[in-house]
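Good morning, everyone, and thank you for making the time. Please have a look at the sequence and the structure before I begin.

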Amino acid sequence: MLSDIEIAQKAKMKHIRDIASSVGIPEEALENYGKYKAKLGDEVKEAASANPDGKLVLVTAINPTPAGEGKTTTTIGLGDAMTRLGKKCVLALREPSLGPVMGVKGGAAGGGYSQVVPMEDINLHFTGDMHAITAANNLLSAMIDNHIHQGNELDIDVTNVVWKRVVDTNDRALRKIVVGMGGKTNGGPREDCYTTTVASELMAILCLASDIDDLKKRLGEIIIGYNRSGRPVKASDLKAEGAMTALLKDAIKPNLVQTLEHTPCLIHGGPFANIAHGCNSIQATRLAMKLGDYAITEAGFGADLGAEKFMDIKCRMAGIHPDAVVIVATVRALKYNGGISKADLKEPNVAALKKGVVNLGKHIENMKSFGAPVVVAVNRFDTDSNEELQTVIEMCGEWGASCALSEVFAKGGEGGIELAEKVINAIEGESASYNPAYDVNDSIKDKINAIVTKIYGGEGVSYSARANRQIGKLEELGLDKKPICMAKTQYSLSDNPSLLGRPEGFTVNVSEIRISNGAGFIVAETGSIMVMPGLPKVPAAVNIDVDEEGRISGLF
């Protein structure tokens, strides 16, 4: 089989005006970035506002493993299968980050014959959204340090500046730095740190803002640090929100592309789900619902992370909820959760499968608790035995979820017909409700405890002395009545990546609490989670090249 990039490069793409026309968008409403990409401005949203909302499908997965699950691939293939069934379907996905693309995880454009294209553009610079977010973020950083250097009229406590610089690559050397070195003309020395663009509050703001006015308001509400009296200092105090909005005036617009089978796809925003809230923009999701009879979106990593945040953060702010949830799993990954090493996953092992399938069971339980019908998509591999596949199907039935085998990687939309039919049946057969895991007006500790006990299956939560102080400060400032964004390892339901399957009796350890005031949520950092990943010993970047004709190779 050809590599992902070879398949993508052989694709016969339609002009983006034809993709737009298929969902009623006129050519004059497009802001073209070449022949195959376009941004959609407010006039598209306004024209579609009178349309009824299409059905919303959320695609999530079990906890990720080295064996791979194929969540984005399944999402795209499901969309193409819906199109094959004659349904008007629009996808809404996240933008890839250069960190994973150049590191180890890979891109976010799907794989095999279930991809969005132009794949190279989407995985690299795309329409420049990531760069705009990075520039706006670091402009605020520059204005903070310049204000301090120019006399510090706001009396900012230089030991309590909480705003971080960002970069869209994985660079462990930037986790802890000192700025302002080299003498008085270079500013005052202070400790600082970087995080990745996709884990930043600014990325979250872009994804949660309803329009450009809301974007500017949220930017002004960013808390950059505290003065020496302990009161918060906001970006609006520095008069930074106008210039930041100017840098983001195009980035706030959703991007339109297509799948290999020409299903329209909106790709916009790209927050990580282990550190940030892991969902594409509210604007793109709402627009997909207005343009299609079915809107299919995804949430990052396992359902304990991206899907929980989709339900408890994004749905709450956007006033939406999914009509069905698809959970992606593989026999290989379930056997890995049952204790089998990666090298032995191709060998049939029903005993290990039965031991590890409880991870899937917990995610089904969680998603059903939010009020949506659940369909499990088993991403099928040639090494899966019939007995193993039948075991998963039977267990899903016992847990109240329908199950479909998916072969979209090898067959595209044709390989997702069974899945699409079961998703449609689930939507038509059961009315979805919306039951968030906690009341946003509960205390910070009660909200975190609800997530840990209800969603992760833990016994409770412990807090560092620092986290306790930070909680007390937010309560004192009246900033505690916001949703919680858990920063946790993606590999386990717990905060310990080595606890696979469905662990019980564990305690989640919260090391730090911080406010993302512009985004509108509180971040709880747990375990040993890092906000700036590093590159592996052999990063993916070493295998990427460009020939004399400009053709890229090595990009998956």
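I will go through a sheet, then some salt bridges, and finally a patch on the surface.

Please keep in mind throughout that what you see is a predicted model.

Let me begin with the sheet, which is an open one built from four strands in the order β20-β22-β23-β21, with mixed pairing. At the edges stand β20, residues 460-463, and β21, residues 484-487, and because each has a single partner strand, one side of each is left without a neighbour in the sheet. From one strand to the next, the twist averages 40 degrees. As general background, strands of a sheet pair through backbone hydrogen bonds, and they can do so in a parallel or an antiparallel sense. Here, β20 pairs with β22, residues 507-516, in the parallel sense over four bridges, and Ser462 has Asn509 in β22 as its bridge partner.

Now to the charged side chains, where we may ask how many salt bridges a search of the whole structure finds. The search finds 25, and I have picked out a few of them.

Staying with strand β22, Glu512 forms a salt bridge with Arg466, with the closest N and O atoms 3.7 Å apart. Since Glu512 lies in β22 whereas Arg466 belongs to helix α20, residues 465-476, this pair ties together parts that are 46 residues apart in sequence. Glu512 counts as buried because its relative accessibility is 17%, which falls under the 20% cut-off, while Arg466, at 45%, counts as partly exposed.

A second salt bridge joins the side chains of Lys488 and Asp304, at 2.7 Å from N to O. Lys488 sits in the loop between β21 and β22, and Asp304 in helix α12, residues 303-318, so that distant parts of the chain, 184 residues apart, are linked. Are these two residues buried or exposed? Both Lys488 and Asp304 are buried.

The third pair is Arg84 and Glu261, whose closest N and O atoms are 2.9 Å apart. Arg84 is in helix α4, residues 71-84, and Glu261 is in the loop between β14 and β15, 177 residues apart. Arg84 counts as partly exposed at 48% relative accessibility, and Glu261 likewise counts as partly exposed, at 24%.

Finally, on the surface, Met1, Leu2, Tyr113 and Phe409 form a nonpolar patch, with about 380 Å² of accessible area together. Within this patch, Leu2 lies in the segment before α1 and, at 35% relative accessibility, counts as partly exposed.

Conventions. Residues numbered from 1 in each chain as written. Predicted model: local features only at pLDDT ≥ 70, side-chain atom pairs only at ≥ 80, totals over all residues. Heavy atoms only, no water. Patch = residues over 30% accessible without salt bridge, like charges linked within 9 Å, V, L, I, M, F, W, Y side chains within 5 Å. Areas by Shrake-Rupley, 256 points an atom, 1.4 Å probe, with all protein chains shown as cover. Salt bridge = Lys/Arg side-chain N within 4 Å of Asp/Glu carboxyl O. Helix = DSSP H or I, 4+ residues; strand = E, 2+ residues; numbered from the N terminus. Buried < 20%, exposed > 50% of the residue type's maximum accessible area, 1.4 Å probe, protein only. Pairing = 2+ DSSP bridges. Axes fitted to C-alpha atoms, helices over the stretch in contact; angles between N-to-C directions.
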